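Got your viewer open? Let's take a walk through this protein, one selection at a time.

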Amino acid sequence: MIGKRGIGMALSSLTLVAASVGWAPTAQARTAQADITHDRPAHDHSIQDCTGQENITYGPGLGLSSEASKVTVDGAYHCTDASGRSTTAKYHTEGATAGTCLLLAWNKSEETLHYADGSKAVIAYHSGPSLRVLGLNTARLSGVVVSGRGKGSVAEKTIQTVPGSLPTDCVLADGIRHTTAFTHLSIHP
């Protein structure tokens, strides 16, 4: 018998896979046309499609009040660029969010990616909507690459948090302090 947590993780994984499969061909089709018309070099790194997993820490923990909380994130992406080349990137994010353990109200953060080839990119995110369905929080962040690889490109990130603690942790004094999430990042001009 599969419990609620198992069902939630399975749904989250399926949603992330569906999103990745649906978005990757779109990015490749858009860049294939640009390559044919010579609008963009074949090895352009400004268009990327990435999936990954991250560990999120909130301080103070998310509870029932909507006070601001510091957010620290560490994770890894598997990315594909416009030419179809794959690479990995480790990243660290620092920022702040407000909301409850049920729904995030806003997010302002800066994410630094370190690619396997030694290059780097810094993305500044600002608010994005958050939605809770079947116990999973899904947030969409919008931002801009402010330095490094793809500077000036638009960044769109989808984060699906996986329930990592009991629902009662939300009402306890410390709130929810840690969670894990599946992510999808799209970077384009």
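## Stop one: a lysine and its partner

Select Lys 70 to begin: with a relative accessibility of 47%, Lys 70 counts as partly exposed. Keep in mind as you look around that this is a predicted model. Now add Glu 94, which is partly exposed too, at 34% relative accessible area. Lys 70 and Glu 94 form a salt bridge, and their closest N and O atoms sit 3.8 Å apart. Lys 70 belongs to strand β2 and Glu 94 to strand β3, so this pair ties together parts that are 24 residues apart in sequence. The idea behind such pairs is simple: side chains of opposite charge can pair when their charged atoms come close.

## Zoom out for a moment

Switch to a cartoon view of the whole chain. You should find one helix and nine strands. Which comes first from the N terminus, the helix or the strands? Walking from that end, you pass the helix and then the strands, in the order α-β-β-β-β-β-β-β-β-β. The chain has 189 residues, and 41% of them count as buried. Look at contacts with a separation of 6 or more, and 57% of them are between residues 24 or more positions apart. If you turn on the surface, you are looking at about 9,900 Å² of accessible area, with 62% of it belonging to carbon and sulfur atoms.

## Stop two: the disulfide

Next, select Cys 50 and Cys 79. They form a disulfide, with their sulfur atoms 2.2 Å apart. Cys 50 is in strand β1 (residues 48-62) and Cys 79 is in strand β2 (residues 68-81), so the link ties together parts that are 29 residues apart in sequence. A disulfide is a covalent bond between the sulfur atoms of two cysteines. Are these two cysteines buried or exposed? Cys 50 is buried, at 1% relative accessible area, and Cys 79 is buried as well, at 2%. Rotate the view along the S-S bond: the angle about that bond is 110°, and the link is right-handed. A search of the whole structure turns up one disulfide, so you can stop hunting after this.

## Stop three: more salt bridges

How many salt bridges are there to find? The count comes to four. For another of them, select Lys 157 and Glu 111, whose closest N and O atoms are 2.6 Å apart. Lys 157 sits in strand β8 (residues 154-162) and Glu 111 in strand β4, 46 residues apart, which makes this a link between distant parts of the chain. Both Lys 157 and Glu 111 are buried. Now add Glu 54 to your selection: Glu 54, Glu 111 and Lys 157 are linked in a network of salt bridges.

Then jump to Asp 117 and Arg 149. Their side chains meet in a salt bridge, at 3.6 Å from N to O. This one connects two loops: Asp 117 is in the loop between β4 and β5 (120-126), and Arg 149 is in the loop between β7 (136-148) and β8, so the pair ties together parts that are 32 residues apart in sequence. Arg 149 counts as buried, at 12% relative accessibility.

## Last stop: a nonpolar patch

Finish on the surface by selecting Leu 64, Leu 102, Leu 103, Val 171 and Leu 172. Together they make a nonpolar surface patch of about 470 Å². Pick out Leu 103, and you will be in the loop between β3 (86-99) and β4 (104-115). Leu 103 counts as partly exposed, at 38% relative accessibility.

How values were computed
Residues are numbered from 1 along each chain as its sequence is written. This is a predicted model: local features need pLDDT of at least 70, side-chain atom pairs count only at pLDDT 80 or more; totals for chains, interfaces and linings use all residues. Side-chain values use heavy atoms; hydrogens and water are left out. Helices (H or I, at least four residues) and strands (E, at least two) are DSSP runs, numbered from the N terminus. Buried means under 20% relative accessible area, exposed over 50%, partly exposed in between (1.4 Å probe, protein chains only). Contact means heavy atoms within 4.5 Å. Accessible areas come from the Shrake-Rupley method with a 1.4 Å probe; for residues, only the protein chains shown count as cover. A disulfide is a pair of cysteine sulfur atoms within 2.5 Å. Patches are made of residues with over 30% relative accessible area and no salt bridge: like charges are joined within 9 Å, nonpolar side chains (Val, Leu, Ile, Met, Phe, Trp, Tyr) within 5 Å.
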